[in-house]
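These are my notebook entries on a two-chain model. I set down each question as I looked it up.

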Amino acid sequence: MKPRAGWMSLATQTRPPSVAPARGESAPPPPAPAASAPGAPPVAEAPDAISVRDFSLFYGAHPALKHIGFDVPAHSVTAIIGPSGCGKSTLLRSFNRMNDLIAGVRTEGEVRVAGLDVRSADVVELRRRVGMVFQRPNPFPKSIFDNVAFGLRLLGIRDRAELEARVEQSLLRAALWNEVRDRLNRSALQLSGGQQQRLCIARCLAVEPEVILMDEPASALDPTATARIEELVLDLKRAYTIVVVTHNMQQAARISDRTAFLLDGELIEIDETPRLFTSPSRKLTEDYITGRFG
Amino acid sequence: MSPAPRDRLAALPRGGPGLARRAWNALVLAGCGAGLALVLLPMIMLVAHIVARGLPGLSLAFFVSMPKPVGEPGGGMANAIVGTMILVGACGLIAVRVGGGTGLYLAEYGRGPFAGAVRYAAELLAGVPSIVVGVAAYGLVVLTIGHFSAIAGAIALAILMLPTIVRSTEEVVRLVPRSYREAALALGAPRWRVVQSVVLPAASAGIVTASMLALARAAGETAPLLLTALGNRFWSVALDQPIASLPVMIFDYARAPYSDWNQQAWTGALVLLLLVTAVSAMLRLAVRRIG
């Protein structure tokens with residue numbers, strides 16, 4: 001894994017910026033990045049954990065996402081930013097088909113996540129490989145142990161010793177073990193907001209996903225708890241691929257390797273985070289990150 | 001320009017709200033207090049009266065001995081106490097399963113005309129007088145079996161409880177936060193699993209409370225029991241035989257022209273009150289322990 005370097009050195013990395021088609025154009029699918037182009041020489045980097053090709057999503061007749069195309073390399077953090085209602089969460093929820101819950105949603109194009117074609121994959125298998133952390137901490141009204149063990153029990157693991165080992169491991173990885181080790185049987189609702197969110201991360205880690213989706217994971221937390229979640233994200237990317245939706249641009253800059261800027265359902269720009277924030281190639285991006293709208 | 005916050009505070013009239021506003025406040029408060037008293041007073045009077053009239057007859061014998069024939073002093077309502085417990089237990093088993101299942105269906109899957117019809121049926125049922133339910137159970141169960149029975153009484157009481165349980169279960173299940181469901185679904189849980197291991201446990205306290213309210217009502221029903229369980233002066237715990245129950249016993253004893261029977265009716269009422277209170281308190285405690 002590459003160490004987290006300063007912004008300027010990151011600018012020399014190899015991945016070309018892929019610029020989405022201008023707004024209003026009848027957008028062709030964006031050129032596939034070199035790493036996954038047919039016939040391209042194998043690249044040293046790991047294969048993409050997520051690839052999105054000409055993906056559109058409609059709520060009834062209303063298009064919420066329009067011809068989105070980009071890739072997320074494995075073991076990286078990608079931030080999705082954009083003003084409220086631009087489709088950030090909808091895009092994130094397309095990766096584990098949480099949009100299925102909403103009546104009247106229709107999609108076009110292709111999304112591959114963790115090697116699965118999202119549209120045709122078995123949704124249970126997909127969601128095991130793609131974990132999700134929500135905006136508000138949402139532990140079940142059960143004990144701390146049962147929260148983390150929930151996904152394991154879904155997988156049919158009943159053996160007490162194995163459950164205990166995997167719960168401990170997950171809590172360790174979520175940096176929560178030391179705070180809860182002697183009260184695993186207490187209700188999860190007694191934990192603080194930040195602890196609850198780390199518990200939700202542990203719950204999601206327990207089933208060993210490959211990709212973790214986070215929908216504004218720190219927006220309901222205080223600054224200290226936020227800092228701990230951010231540290232955790234940086235730590236977790238060594239083992240997982242992470243996509244974070246946030247409307248906090250400082251947060252995107254602190255934790256992500258790449259940042260995607262979404263506006264009105266269109267992908268305006270996706271690039272290495274330092275480059276997107278210092279020299280965006282689109283005027284719209286610049287206007288947004290300098291606070292001229294949104 | 002709007003003034004700075006401090007200036008705006010200073011602009012408020014000094015000395016607090018004016019006389020008219022304070023008078024109005026006192027008036028509304030007094031109105032609320034009067035309403036509260038009107039609600040509490042009948043309840044307190046009722047309970048006090050039952051305790052005062054029932055207490056003199058309360059003894060261990062009342063709980064453990066059988067009714068005596070007319071003219072013999074003493075005796076108790078052991079058969080009626082046990083009978084009421086059996087009736088309420090049996091009707092609870094039926095009503096909580098059927099009603100809870102229906103409520104769960106309405107909350108989780110209830111869309112379209114069929115669910116609407118079910119909901120409407122539950123509402124209609126709530127408005128049916130208990131004596132009519134008794135007649136229906138008489139026609140459906142008693143005439144089919146050929147004689148009065150405890151199970152006919154339990155079915156009549158269960159029908160009376162159904163609307164309350166269906167509607168409250170639906171509401172309580174709907175109140176389970178969406179975020180719980182999303183969390184479980186995002187972990188790959190299929191829909192039935194989400195309902196079984198997340199939604200139902202989270203809603204259980206509410207379902208039990210609603211069931212208790214309905215059970216308490218059912219425990220005191222008399223009219224449908226007259227037409228179904230009938231009553232029994234002898235010891236019987238068989239579900240297919242007529243069974244004694246406190247409300248019917250109280251009804252018989254209160255009408256009788258013997259003063260010692262009237263006394264026993266008062267004591268029976270007190271015991272019924274205590275029984276319902278005790279059972280609902282215990283269930284509430286149990287639910288709090290689980291949740």
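Entry 1. In which helix of chain A is the place of Arg198(A)? I worked on a predicted model, and there I located Arg198(A) in helix α7, which covers residues 193-205 of chain A.

I then asked whether Arg198(A) is buried or exposed. Its relative accessibility is 5%. The cut-off for buried is under 20% relative accessible area, so Arg198(A) counts as buried.

Which residues does Arg198(A) touch, leaving aside those up to four places away in sequence? I listed Ala174(A), Ala175(A), Leu176(A) and Glu179(A), and further along the chain Arg228(A), Ile229(A) and Leu232(A).

Entry 2. I turned to helix α4 of chain A, residues 144-154. How many of its eleven residues are buried? I noted nine, and I recorded the helix as mostly covered. The buried residues of α4(A) are Ile144(A), Phe145(A), Asn147(A), Val148(A), Ala149(A), Phe150(A), Gly151(A), Leu152(A) and Leu154(A).

Against which elements do the buried residues of α4(A) pack? Within chain A, I found α5 (160-173), α6 (177-180) and α7. From chain B, α8 (178-186) and α9 (191-219) take part as well. Helix α7 of chain A is also the helix that holds Arg198(A).

I also checked what follows the helix. Gly156(A) comes after α4(A), and its phi is positive, near 95°.

Entry 3. Gly156(A) served as one end of a distance. How far apart are the C-alpha atoms of Ser219(A) and Gly156(A)? I recorded 34 Å for this pair, whose members are 63 residues apart along the chain. Ser219(A) is in the loop that links β8 (211-215) to α8 (223-236) of chain A. Its relative accessible area is 39%, and I entered Ser219(A) as partly exposed because the value lies between the cut-offs of 20% and 50%.

Entry 4. From that loop I moved back to strand β8 of chain A. How many of the five residues of β8(A) are buried? Five of the five are, so the strand is largely enclosed by the rest of the structure. In a regular strand, side chains alternate between the two faces of the sheet. In β8(A), I saw Val211(A), Leu213(A) and Asp215(A) point one way, with Ile212(A) and Met214(A) pointing the other way. I noted that Asp215(A) is among the buried residues.

Which strands pair with β8(A)? I found β7 of chain A, residues 130-133, in the parallel sense over four bridges. Strand β9 of chain A, residues 241-245, is also parallel to β8(A), and five bridges join the two. Ile212(A) has a bridge partner on each of these strands: Gly131(A) is one, and Ile242(A) in β9(A) is the other.

Entry 5. I next examined an open sheet of four strands in chain A. What is its strand order? I read it as β3-β2-β5-β6, with antiparallel pairing. The edges are β3 (62-73) and β6 (116-117); each has a single partner strand, so one side of each is left without a neighbour in the sheet. Strand β2 (residues 48-59) is joined to β3(A) by eight antiparallel bridges. As one bridge, I noted Leu57(A) with its partner Leu65(A) in β3(A).

Entry 6. I closed with chain totals. Chain A has eleven helices and eleven strands, and 52% of its 294 residues are buried. Its accessible surface is about 12600 Å², with 53% belonging to carbon and sulfur atoms. Of the contacts in chain A with a separation of 6 or more, 69% are between residues 24 or more positions apart.

What secondary structure does chain B have? I counted twelve helices and zero strands. Buried residues are 38% of its 291 residues. Chain B exposes about 16300 Å², and carbon and sulfur atoms supply 71% of that area. Its radius of gyration is 26 Å, whereas a compact globule of 291 residues would have one near 19 Å. The C-alpha trace of chain B spans about 90 × 60 × 35 Å along its principal axes.

Lastly, I looked up the charges of chain B. It has 22 positive and 11 negative side chains, and the centres of the two sets are 12 Å apart.

Key
Residues numbered from 1 in each chain as written. Chains lettered and ligands numbered in written order. Predicted model: local features only at pLDDT ≥ 70, side-chain atom pairs only at ≥ 80, totals over all residues. Heavy atoms only, no water. Rg over C-alpha atoms; globule rule 2.2 N^0.38 Å. Buried < 20%, exposed > 50% of the residue type's maximum accessible area, 1.4 Å probe, protein only. Areas by Shrake-Rupley, 256 points an atom, 1.4 Å probe, with all protein chains shown as cover. Lys, Arg positive; Asp, Glu negative; His and termini not counted. Charge placed at Lys NZ, Arg CZ, Asp CG, Glu CD. Contact = heavy atoms within 4.5 Å. Pairing = 2+ DSSP bridges.
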